[in-house]
Amino acid sequence: MLEINNLEVGYGSIKALHGVSLKVPEKSIVTLIGANGAGKSTTLRAISGLIKSKGGTVRYDGEDITNMAAHKIVGKGLCHVPEGRMVFANLTVEENLRMGAYLRNDKAGIAEDMEYSFHMFPRLKERIAQAAGTMSGGEQQMLAIARAIMSKPRCLMLDEPSLGIAPMLVRSIFEQIVAINRDRGITVLLVEQNANLALAISQHGYVLETGKVLLEDTSAALRSNPQVRAAYLGG
Ligand SMILES: Nc1ncnc2c1ncn2[C@@H]1O[C@H](COP(=O)(O)OP(=O)(O)OP(=O)(O)O)[C@@H](O)[C@H]1O
Ligand SMILES: [Mg+2]
């Protein structure tokens, strides 16, 4: 569904990605792990058109979308939940969810997905009229994911959904990522520092190091790889 070939991205004269290639098969969950500064977020930004790449190609659903405008890419059902949640702080939970659906006009479908969002995260329903900026970090992460679902994506890219969130909420968020994939057939590209959890729910994984793919394998194989265990899984 997503095929990235030899992607090169720089910020000014500094190169952040040196030819990254990866594949995300339709309806799968693929994990991208790597240390701080490895280029994980940069990879997602380049795929979703938020930054221009200097080389390489991004193919989505058979179409070359390299350097296409970000809003066009969202329109194709490829949705990016960036690092740091980025909900609209002054809007309520409900308003944030409606913003997620702004490119749609299927009223019944929107209502259905709103219900699905509340089914995924009942806490959002309890806080439906609360300003998003006043919610806890974990609640805002739930809202960011639910808002992405409201855009009716076929492929969802999540950048560190567990960052700075209490373990109990992390578990619930990961359970819902699995459910989104299983029940709705949404393809997921997951960037995570929590390599243990991410590799546990994905089928395939990539390890990024200083802008290059260092390792690629099934998630099960990566979990038992001594190099990965030492660097990312705490030994
Ligand atoms: N806006 C920017 N301007 C200049 N350099 C940047 C910018 N954003 C990222 N970089 C650099 O690009 C490299 C890759 O950064 P990126 O944010 O993709 O890493 P990451 O793997 O997501 O790290 P983290 O785990 O800390 O989120 C880093 O060296 C970073 O300093
Ligand atoms: Mg990052």
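Let me start with a definition. Two strands count as paired when DSSP finds at least two bridges between them. Keep that in mind, as pairing comes up again and again. One caution too: this is a predicted model.

First, the mixed sheet. Six strands make it up, and it is open. Read across, the order is 6-7-8-3-9-10, and the pairing is mixed. Which strands stand at the edges? Strand 6, residues 78-81, and strand 10, residues 212-218. Each has a single partner strand, so one side of each has no neighbour in the sheet. From one strand to the next, the twist averages 15 degrees.

Now let's walk through the pairs. Strand 7 covers residues 155-159, and strand 8 covers residues 187-191. These two run parallel, joined by 5 bridges. As an example, find L158 and look across to strand 8: its bridge partner there is L190.

Next comes strand 3. With strand 8, strand 3 pairs in the parallel sense, over 4 bridges. Here I29 has V188 in strand 8 as its bridge partner. Strand 3 also pairs with strand 9, residues 204-209. That pairing is parallel as well, with 5 bridges. On this side, V30 is matched with H204 in strand 9.

Is strand 3 mostly covered or mostly open? Mostly covered: 6 of its 6 residues are buried. Both of its faces are covered. On one side sit I29, T31 and I33, and on the other V30, L32 and G34. Every one of those is buried.

Follow the sheet on to its edge. Strand 9 and strand 10 run antiparallel, with 6 bridges between them. One match here is Y206 with E216 in strand 10. The two strands form a hairpin with 2 residues between them. In that turn, T210 has a positive phi of about 35 degrees.

What lies across the sheet? Helix 7, residues 167-184, lies across strand 3, strand 7 and strand 8. Against strand 8, helix 7 runs at about 155 degrees.

On to the core. The largest nonpolar core has 64 residues. Which members touch the most others? L143, A146 and L156 do. Helix 6, residues 137-149, gives the most to this core: 7 residues. Take L156 for a closer look. Leave out neighbours within four places in sequence, and L156 is still in contact with C79, V81, A148, I180, I186 and V188. We have met V188 already, as the bridge partner of I29.

Now the other sheet. Four strands form it, in the order 2-1-4-5. This sheet is open too, and its pairing is antiparallel. Strand 2 and strand 5 stand at the edges. Strand 5 is residues 63-64. Each of these edge strands has a single partner strand, so one side of each is without a neighbour in the sheet. Strand 4, residues 55-60, is joined to strand 5 by 2 bridges, and they run antiparallel. There, R59 has D64 in strand 5 as its bridge partner.

A quick stop at two backbone angles. N6 is found in strand 1, residues 2-11. Its phi is near 55 degrees, which is positive in a residue other than glycine. E160 has a positive phi as well, near 50 degrees, and is not a glycine either. E160 lies in the loop between strand 7 and helix 7. Which of the two is buried, and which is partly exposed? Buried means 20 or more other C-beta atoms within 10 Å, and exposed means 12 or fewer. N6 has 13, so N6 is partly exposed. E160 has 22 such neighbours, so E160 counts as buried.

Last, the ligand. How many residues surround ligand 1? There are 13, and the closest are Y11, N36, K40, S41 and T42. By type, the shell splits into 4 nonpolar, 7 polar and 2 charged residues. Strand 2, residues 14-24, and helix 1, residues 40-47, each supply at least two of them. The largest share, 3 residues, comes from helix 1.

To recap: a mixed sheet of six strands, an antiparallel sheet of four, a nonpolar core of 64 residues, and one ligand shell of 13 residues. Questions, please.

Conventions
Residues are numbered from 1 along each chain as its sequence is written. Chains are lettered from A and ligands numbered from 1 in the order in which they are written. This is a predicted model: local features need pLDDT of at least 70, side-chain atom pairs count only at pLDDT 80 or more; totals for chains, interfaces and linings use all residues. A residue is near a molecule or strand if its C-beta atom, placed from the backbone, lies within 6 Å of it. Ala, Val, Leu, Ile, Met, Phe, Trp, Tyr, Cys and Pro count as nonpolar, Asp, Glu, Lys and Arg as charged, and the others, Gly among them, as polar. A nonpolar core is a set of buried Ala, Val, Leu, Ile, Met, Phe, Trp, Tyr and Cys residues joined through C-beta atoms within 7 Å. Two residues are in contact if their C-beta atoms, placed from the backbone, lie within 7 Å. Axes are lines fitted to C-alpha atoms, for helices over the stretch in contact, and angles run from 0 to 180 degrees between N-to-C directions.
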